Amino acid sequence: MISIASAMQQDAIKELLEGYNEDGISFTFKEKQGIKLFFETTAEDPEAAAKKAKELIKAQPWGTVLFFQAVAV
């Protein structure tokens, strides 16, 4: 499981990660607690999944200026 902490663009982050399914990694939104979004992942290594989520978000036009944290939990 990973968490993404972001005060903005939460709907866009959910849509982006739930639509990703490559390299044996996919994400399924589970819950929201405050500004944290929690996702189940099919990746064997949660750290790798958090890194991939961060890369995907930063690759978006709105992601380059977004302050967020992506961590394995």
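## Strands, helices and their contacts

In this structure, isoleucine 2 has phenylalanine 39 in strand 4 as its bridge partner. The model that shows this pairing is a predicted one, and the pair is a convenient place to enter it. Strand 1, residues 2-5, runs antiparallel to strand 4, and the two are paired over 4 bridges. Phenylalanine 39 also has a neighbour in another strand, since phenylalanine 29 stands opposite phenylalanine 39 in strand 4. That second pairing belongs to strand 3, residues 25-33, which pairs with strand 4 in the antiparallel sense over 6 bridges. Elsewhere along strand 4, phenylalanine 38 has glutamate 31 standing opposite.

Strand 3 and strand 4 are joined in a hairpin with 2 residues between the strands, where glycine 34 adopts a positive phi near 65 degrees. A hairpin is also made by strand 2 and strand 3, again with 2 residues between them, and here the turn holds aspartate 23, whose phi is positive at about 55 degrees. Strand 2, residues 21-22, is antiparallel to strand 3 and is joined to strand 3 by 2 bridges, and glutamate 22 finds its bridge partner in strand 3 at isoleucine 25.

Threonine 41 belongs to strand 4, which covers residues 36-41. How accessible is threonine 41, buried or exposed? Its relative accessible area is 16%, and because buried means under 20%, threonine 41 counts as buried. The side chain of threonine 41 makes polar approaches to the backbone on two sides: one reaches the backbone oxygen of serine 26 at 3.1 Å, and another reaches the backbone nitrogen of alanine 43 at 3.2 Å. With residues up to four places away in sequence left out, threonine 41 touches Met1, Ile25, Ser26, Phe27 and Ala49.

Ala49 leads to helix 2, where Ala49, Ala50, Ala53, Leu56 and Ile57 are the buried residues. Viewed down the axis of helix 2, these buried residues fall within an arc of 125 degrees, so they line one face of the helix. The face turned away from that buried side carries Glu47 and Lys51, which are exposed. The cover over the buried residues of helix 2 includes strand 1, helix 1, strand 3, strand 4 and strand 5. Helix 2 itself has 13 residues and reaches 18 Å from its first C-alpha to its last, close to the 18 Å expected at 1.5 Å a residue. At the N-terminal end of helix 2, aspartate 45 acts as a cap, with a side-chain oxygen lying 3.1 Å from the backbone nitrogen of glutamate 47.

Helix 1 can be read in a similar way, beginning with its buried residues, which are Gln10, Ile13, Leu16 and Leu17. Around the axis they cover an arc of only 125 degrees, which puts them on the same side of helix 1. The buried residues of helix 1 pack against strand 1, strand 3, strand 4 and helix 2, whereas Asp11 and Glu15 are exposed on the other side of helix 1.

The charged side chains of the helices form 2 salt bridges by the rule applied here. In one, the side chains of aspartate 11 and lysine 14 meet at 3.8 Å, N to O. Both residues lie in helix 1, residues 10-18, and are 3 residues apart, about one turn of the helix. An α-helix has 3.6 residues a turn, so residues three or four places apart point the same way. The partners differ in their exposure class: aspartate 11 has 59% relative accessibility and counts as exposed, while lysine 14, at 22%, counts as partly exposed. The other salt bridge links glutamate 55 with lysine 52, whose closest N and O atoms are 3.5 Å apart. Glutamate 55 and lysine 52 both lie in helix 2, residues 46-58, and they too are 3 residues apart, about one turn of the helix. With a relative accessible area of 43%, glutamate 55 is partly exposed.

Beyond helix 2, proline 61 is found in the loop between helix 2 and strand 5, the latter at 69-72. At 68% relative accessibility, proline 61 counts as exposed. To return to the residue met at the start, how far apart in space are proline 61 and phenylalanine 39? Their C-alpha atoms are 22 Å apart, and 22 residues separate them in sequence.

How values were computed
Residues numbered from 1 in each chain as written. Predicted model: local features only at pLDDT ≥ 70, side-chain atom pairs only at ≥ 80, totals over all residues. Heavy atoms only, no water. Salt bridge = Lys/Arg side-chain N within 4 Å of Asp/Glu carboxyl O. Buried < 20%, exposed > 50% of the residue type's maximum accessible area, 1.4 Å probe, protein only. Polar contact = N/O pair within 3.5 Å; in protein donor to acceptor, adjacent residues only side chain to side chain. Contact = heavy atoms within 4.5 Å. Pairing = 2+ DSSP bridges. Expected span 1.5 Å × (residues − 1). Arc of directions from axis to C-beta.
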